[in-house]
Structure formats: structure tokens, C-alpha cells
Amino acid sequence: MKWNQEVQFALLAFGYYSGEIDGEMNPDLRAGLQNLQADYSLKVTGTITPQTLTALRIEAR
């Protein structure tokens, strides 16, 4: 759930998410991930991948 909140916040900052920062994997978060992945020429999965974290400048730990 922690990852989801960080990703939601980052997607919000990048303009790919406008939903609540609640840590839930919801349809808006999935859509934001897919749009970012497509724009950054990443594999479009709608999930949080290492490549997506890199694009969002989130350090994987």
C-alpha cells in the first residue's frame, strides 16, 4: 500500500492522476499508470513496474 501512495502522489505531480491519495489500486491509478507508460514508451501494464518507478523518479528499495 505504501508504494501505491507514493506512485499516486508522483502521478499527480506529473499530471497523470487526479484521484484521492489513498494507497488503493483503483481504476484511476491504473489508467494513470497506463497513460504514463504509453507516453514514456514503457510496456503498458497498468501496474507498478521498476521501469515505471524510474520514470516517476521513485527509488526502488
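Me: Quick definition first: a patch groups residues with over 30% relative accessible area and no salt bridge, joining like charges within 9 Å and nonpolar side chains (Val, Leu, Ile, Met, Phe, Trp, Tyr) within 5 Å. So which residues form a nonpolar patch on the surface here?
Reply: This is a predicted model, where local features need pLDDT of at least 70, side-chain atom pairs need 80 or more, and totals for chains, interfaces and linings use all residues. Residues are numbered from 1 along each chain as its sequence is written, and side-chain values use heavy atoms, leaving out hydrogens and water. A salt bridge means a Lys or Arg side-chain nitrogen within 4 Å of an Asp or Glu carboxyl oxygen. With about 270 Å² of accessible area together (Shrake-Rupley, 1.4 Å probe, only the protein chains shown as cover), the patch is made of Phe9, Leu12 and Ile21.

Me: Is Gln37 buried or exposed?
Reply: Buried means under 20% relative accessible area, exposed over 50%, and partly exposed in between (1.4 Å probe, protein chains only). Gln37 sits in helix H2 (helices are DSSP runs of H or I, at least four residues; strands are E runs, at least two; both numbered from the N terminus). Its relative accessibility is 0%, so Gln37 counts as buried.

Me: How far is the backbone nitrogen of Thr45 from a polar atom of the Gln37 side chain?
Reply: Gln37 touches Thr45, among others, where contact means heavy atoms within 4.5 Å. The distance asked for is 2.9 Å.

Me: What phi does Ser41 have?
Reply: Most residues other than glycine have a negative phi. Ser41 is in the loop between H2 and helix H3 (50–55). Although not a glycine, Ser41 has a positive phi of about 55°.

Terms used:
A polar contact is a pair of N or O atoms within 3.5 Å; within protein, one must be able to donate a hydrogen and the other to accept it, and residues adjacent in sequence count only if both atoms are side-chain atoms. Lists of a residue's contacts leave out its neighbours within four places in sequence.
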